[in-house]
Structures are given as structure tokens and as C-alpha cells.
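Welcome! Have a look at the model below, and then we can walk through it together.

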Amino acid sequence: MSRINVLIVEDEPVVARRVERHCRAALGEAAGRIERVDGVEAAVGQLQTGAFGLVMLDLNLHGEDGFDVLDRMTSHSAHTIIVSAYADQAARAFDHGVLDFVTKPFEAERIALAIERYRGKAAARPEKARYLSFRSGRRVERVSLDEVILVRGADKYAEVVLGDGRVKLHDKSIGKIAPLMPDSFMRVHKSWIVRLDCVEGLESFPGNRHALVLKTGERAPVSRSLISQVRALFQ
Amino acid sequence: MQNIVMLRLLLVLLLVLGPPILLAPGGAAAQSDETPVVWRAGDDPGWSQPDLDTGDWQALAHFAGAQDGRFWIRARLDAPGLERPVLSIRSNAAYEVFLDGQRLGGSGRPGVPGNRALPELVRVGVPASLLDPGRHVLAFRMDGASLVDGDSAFLRFRLDDAAELARADRRRDAMDGAAALLAGFLLLTAAGIWIWGTRRVELVMVVGLCAGAILIFLLDTDGRAFATPLLPRFAAAILLTLASAAIYALTAAIIHRRLGLGRPRFWAVLAGMCLVVALLPLPFVGMEGDQRAFILLALLAVGMSLSAWPRRRLQAAVYAGAALVCLVAILLFSGQLRIFLALLVVLISVSMIVDVVMGEINMRRAELRASRLQAALVKRNIQPHFIMNSLTVAMELQETDAAAARDFIRALSEEFRALASMIDKPRVTLREELDLCRSHLAMMALRLEAQLTLETSGLDEAAECPPGLFHTLIENAISHNRYQGQSVTLTLSASRERTDLTYSLRAPLLGPRVTARPGSGSGTRYIEARLEEFAPGRWTFSSAPEGDVWVSRVRIVGGLA
């Protein structure tokens, strides 16, 4: 079983300890290394090691804005769960592609549900991302999902194809990006996510193989297990 | 809003009615002021004859009174060849008037015991045949037992053409009407604000002042009310006396109040003395009593302004200037008291109404500001970061360390109790504020697993300060530093330089790369707003690092009031 490393970004020690305690309980034997940091720079420093699969992030860190961390980390492979007192920031956080938003004060069960969502064992939140963030040198570039045509897997990364033909490499795998994508996208293959309003037709090949033809001329393979759902789109 | 509209209406009315009041012509100079007038004690019907030798008669300016009250007055009259001549006479004594020995008319019955004439304007039509162009003699047979030596202002007369006189009457009526209308508007404005707005005694004073002015404008047109008398002569005289006295007293009282002068009895006695002096028949002052009274009132206003000068320079300058303008008006327009009165009523009433309205507006603004600050204080302490983190800490401690949870909840409740006790106060004692600060530090120490203490020096804990002032500074220091797990001592000290009082809060700078610093956030805005409410225009606030501490300084210029 692969272990999950968790980074807790929280400036109050008692609260950080509570998050850690409940994370450990929810992850059980899957719990890997769990670190606690209390500021933006420390969090970014830890994330750059690439060692963490999950970040539990507070949005107010000694008066600093937790969104500064979020802007920079959504381009990383780690998933983010916000643990904050500011419930009114949830929509903005989901726009940034966070997996879940836990409001303070919280019970053990709520952290457990968030962990389940991370592990894909619970239904994802209905709120979806509106942007994807990409690292570009030291900068972080945010791209609206309206510009995205398709996403295809590239080993542990994902290639994001934009409407203007540009292709951007994202640090998250396609498996991690999929739960964040809104309903206007569909995962049609284990390595392909397409934007539905860019689909022009469905091609069939010998051997019960199928592919979607996109308006850009690209072809996206369709899994045999998903062909019935894809066909339903054309009816 | 209602008051602002009324003020605008007032300004419009002032612009419309002001020029007619100020520019309306007064009556022409009384001819008695321009003609040599002589007098002689005694009573001889022959003294009415035009060719009498008056070499042994005396000038009226040296009037010494007569033992039995009987005397004669003679004056030369240059007849300018008027079409319909009318002789206007105003006298405090009963008289008969003769032109070139021929009786024209009179007022009262000279020589009849007990007969006393009230001051009244009498107009006597003169047959044109009696007034050939050239020099004539006007003679008055007088009965003035009550007249006093040296008072020569008891008789005034003039000769006009009837048509010209009617035009002058119309102009004067227009002026009086406009002035009464303006005074009426000011009266209604003051009464309206008193009824629907604020019930300030100054407004009642304005109502009284305007009411008195209206009576004078309507009734005292040389003893007539417009073309026809509105009231019996006696009633009008009583009302006019009361109105004049009210205007005099109210004007002095309003100026005294507006200038914030103390010693009300002293000024009341001084004003009373001025009035008595003004009404005393003085042999060396050739003007009427009411004119003298208002001149002395203007001088009294200048005196009050000078007395208030060291403390209220602007207001003192305004009132002294207004009094001098009125003084000049009454001297320039020689006896035209209505112009003086109109100026006086307008200046004082507008000043008072504007002051009351602005005071009301400022008071409402202050109340609104105070409400907002109260709300801000509450909001600061129920903001999500503070309250939700506190509750999360309480839950964690309750699950892991029941004793610590009890301590934490106790500290939190003490902070809220301290906060609740001061939430609706514009100022609290330093002791109350320090209690709140220490409760907050105790609670935050548990949250941050730190040791947080506050040391004080030089503080007068009975002194007052804005609520939440130092609490906010401490809150800022904690949220912008990394005191977790540390032993931290904050110090609050007070120092005095001359009359200025300075509070300094020193907070250690801890944490490797803290980017946000206090100085521009909601906490700073709250502190600045509270200080402005506490000591308007008399405070400074600074917040900056000094070595390894962050120092916030609050300076109250002039110290605590």
C-alpha cells in the first residue's frame, strides 16, 4: 500500500495538532510522513520537495494570505484541502482547484470525509475548478478551463491542450486532475479528458475501438467501458 | 436632510428679500432737524404770530423744560411750493400747531390737567393757499410737564407733498412687509426645527427674537401699521415696548450663549444698565431712546466678543463684525431702526439656526460613527479567524486535555465579558482596558501554547481611553508575529511631555520572514477612528519597528481632557 504524505499548513499549534490527529486517524495505515508548517514560505519550501500528496491548508497565516500558497501549489501534483474559518472563501478556493473545503471548527468525521474524497472513495464535491495553474519558471500561470480543449496523460504528468493550439504540462497526473474538472469535460479514456462542446463526431475502428473527433482535428480514444456513455452523448 | 432643505430655502429667501430690505429708502430727513427751532417757557396765544420777535427765545437744543409744562416752539418753514402739502408731526407731548398764526390741528389738549399724549405720528393737511412759496412760521403750543431738561427729541416734524408721501409710505410698507416675511420665515424655521428636530433653547430664543421683530415691522411704522392702524394705539404701544424689550434681552442672551461666556449675572446686569442708560433722557445725546438702546446693545455685543476672544476667536470675530455692521447701519441710516433690526434679526437668527442644524448634523454623524465603532469592536472579536479558531482549540482541548479546555473556555469567557462591558461606551478607564488586554493574552497564550505577559509602567489606571485601543494593538502584535511556544513580554508605558500624553506599546519582533506588519489594516483604521472620537484633532498614532521591537505610539495632544 502506498503511503500518503501530508503537509499541514496552520499557524495555530493546537489546531495544527488537531488536524494531524484526525488525518492520522482517517488515513490509518496509509498515513505516511505528516509535517506541520506555519507560514506561506515554509509551505512553499516543503511543497517544492514534491514529497507531499496532500496539503491541509489554512487561509490566514500570521496575517498572510493562504491563497498565496494555493496559487503556487495547484500547479504541483499535491491535492489541497482547505481547513479554514472563512467559509465565504470556499467558492474562490474551488476556483483554484482545491479538492475540499473544511470549515472550522471541525469534527474528526469531517476530516475523514475529506480524506476519503482525496482517496477517491467518496463522491467528489460538486464544486469544480475554473482554472488550472501551471508552473512557468518561477512564475505560476493560471489558465481558465474555458481555454482548455482536452487533457491527456503523460506518465505522472498531464498535457493540457488549449484552444489556441498551445500544450502545457501540468504536474498533476490525469487521475488527480479528473476529479477537479467540471461537467463540461468528460474522461473518455484513462489517459484522456475532453471538452464535450469541442466534440465533432465519433469514429469506430475494427476491433471495437472508438475515437472521438474533436473540432481541432485531434482524435481522443474512447475506453470500451465508456463507449455506451459516450454514445449517449450523441443521442 | 429636512434641515438642509430648510437652510437652502432660507438662503434663497435671504437673497430675494435681503436687497429690498437693505436698499429700501428710509423716510426723508425730518425738516425739524434742518430748521432752526427755538423755544420759550410760558403760554401766550400771540406767540403763534409770524412777525413775532424771537430774539429772547432759546434754541431747542438747550431745552430746559417749563415749570408748569407749558411752553411754545417756533420754527421757520421754507415752503417749496407743494401742490398738496401735508405736515407730519411726531411728538411725545400734547400740542397745537399753527402756521403763520392760523391753527392747523393738534394732538391732545394742552393745558388740560391729566392729559398725556402717547408718541404718535399726526399728519395735518395744509391748505395750499396758506403756503405761498417763501418763508413761513410754524408754532407749537406745547404741554410737556413730563419732559426732561435737555431732551430735545420730543418733537419732530416735516413738510411733504401728499403724493410723494404716499409713495414713500408704499415703499416703507413694502420694506416692512418683506422684513416681517423674512422674520416670519426664520421664526417658522426655528419653530419647525424645535418641533421636528432638536429641542434647543437657542431655537426658542430665535422664535422670540423674530416674533418681536415682526411686531415692530408691522406696528411701528411711525406709529402706524401700514396705511391703517392694526391695533388701538395704546395696545400697539404696549406691544411695541414689550417687543423692543424682548429683542434687546434676547439678543444679549443669544450672543452671550453663542460666545460661551460665563458670568451670566454680570452680563445680565451690564445689559440692563445699558438699557436703563439708553432710556434715560440724557441732555447731551440728541437721539431717541430706542436708537440709543440699540447702539449700546451693539457696543455690548462688541464687548462680549472681546471678552470671548481668547477662547473663541472665530466666533468672537464674527459677532464683533456683525455688531459693528449693525452699528454702522444705525448711524448711517440715522434713526432707521428697522434696517438695523432687520440686520440684527437675520444675522443672529441665521447664525443660530445654522449652528443648531449643523450641531444636529454633527451629533447624528457622531452617533453614527460611534455606532459603527461599536459594531467594529464587536466585529473584530467575532471575526471568523478569531472565533472559529478559538472554538476549534476548545474542541481539541476538550478531546485531549479536559483541564486545559476548562482553562481555555474560562479565559475566552472572561475576554468576552470584559468586551461586553465596554462595547457601548465611547470611553473606558485604562483599568477596564487592561483587564480586557490581559484576558486576551491569557486566552491567546493557551491557543498559541506560549507565555504572554503585559507589563505596564507610568499608567494612571483611572484615566480614560477609547475602548479596545490597546487590545487592538496587542491583537495586531500577536497576529503579525510568531509567538507560538515563546515566552513573550509586551510593555505598555505612558510618558508626559508638557501637556501631551504618550502611550507606547512595545512588542518583540519574532518570526523569520513576517511580511505583513501592522499599520494599514482594519485594526489601524479602528484605532484612528476611535482616537478621533476620543480626542478630535488632538491625537497622533504611529507604528514602526525600532530594533527588535515593534513600537506603537498613541499621543494625545494636550493630555486627557
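The questions below go through strands, a sheet, the chain contact and the cores.

This is a predicted model, in which local features need pLDDT of at least 70, side-chain atom pairs count only at pLDDT 80 or more, and totals for chains, interfaces and linings use all residues. Residues are numbered from 1 along each chain as its sequence is written, while chains are lettered from A and ligands numbered from 1 in the order in which they are written.

Q: Which residue in S9(B) stands opposite B:Arg90?
A: Strands here are DSSP runs (E, at least two residues), numbered from the N terminus, and two of them pair if DSSP finds at least two bridges between them. Strand S4 (residues 85-91) of chain B pairs with strand S9 (residues 155-161) of chain B in the antiparallel sense over 7 bridges. Opposite B:Arg90 in S9(B) is B:Arg156.

Q: How many of the 7 residues of S4(B) are buried?
A: A residue is buried if 20 or more other C-beta atoms, placed from the backbone, lie within 10 Å of its own. By that count S4(B) is mostly covered, and its buried residues number 5.

Q: Why is one side of S15 and of S17 in chain A left without a neighbour in the sheet?
A: The open sheet of 3 strands in chain A has the order S15-S16-S17, with antiparallel pairing. One side of strand S15 (199-205) and of strand S17 (219-222) is free because each stands at an edge, with a single partner strand.

Q: Which residue of S16(A) is the bridge partner of A:Gly201?
A: S15(A) and strand S16 (residues 209-214) of chain A pair over 6 bridges in the antiparallel sense. For A:Gly201, the partner in S16(A) is A:Val213.

Q: Which helix gives the largest share of the side of chain B that touches chain A?
A: Residues are in contact if their C-beta atoms, placed from the backbone, lie within 7 Å. The contact takes 23 residues from chain B and 17 residues from chain A. Helix H9 (384-400) and helix H11 (430-448) of chain B each supply at least two residues of the chain B side. The largest share, 10 residues, comes from H9(B).

Q: Which element gives the most to the largest nonpolar core?
A: A nonpolar core is a set of buried Ala, Val, Leu, Ile, Met, Phe, Trp, Tyr and Cys residues joined through C-beta atoms within 7 Å. The largest one has 113 residues, and A:Val9 is one of those with the most contacts inside it. With 10 residues, the element that gives the most to this core is H11(B).

Technical notes:
Buried ≥ 20, exposed ≤ 12 C-beta atoms within 10 Å, placed from the backbone. Helix = DSSP H or I, 4+ residues; strand = E, 2+ residues; numbered from the N terminus. Contact = placed C-beta atoms within 7 Å.
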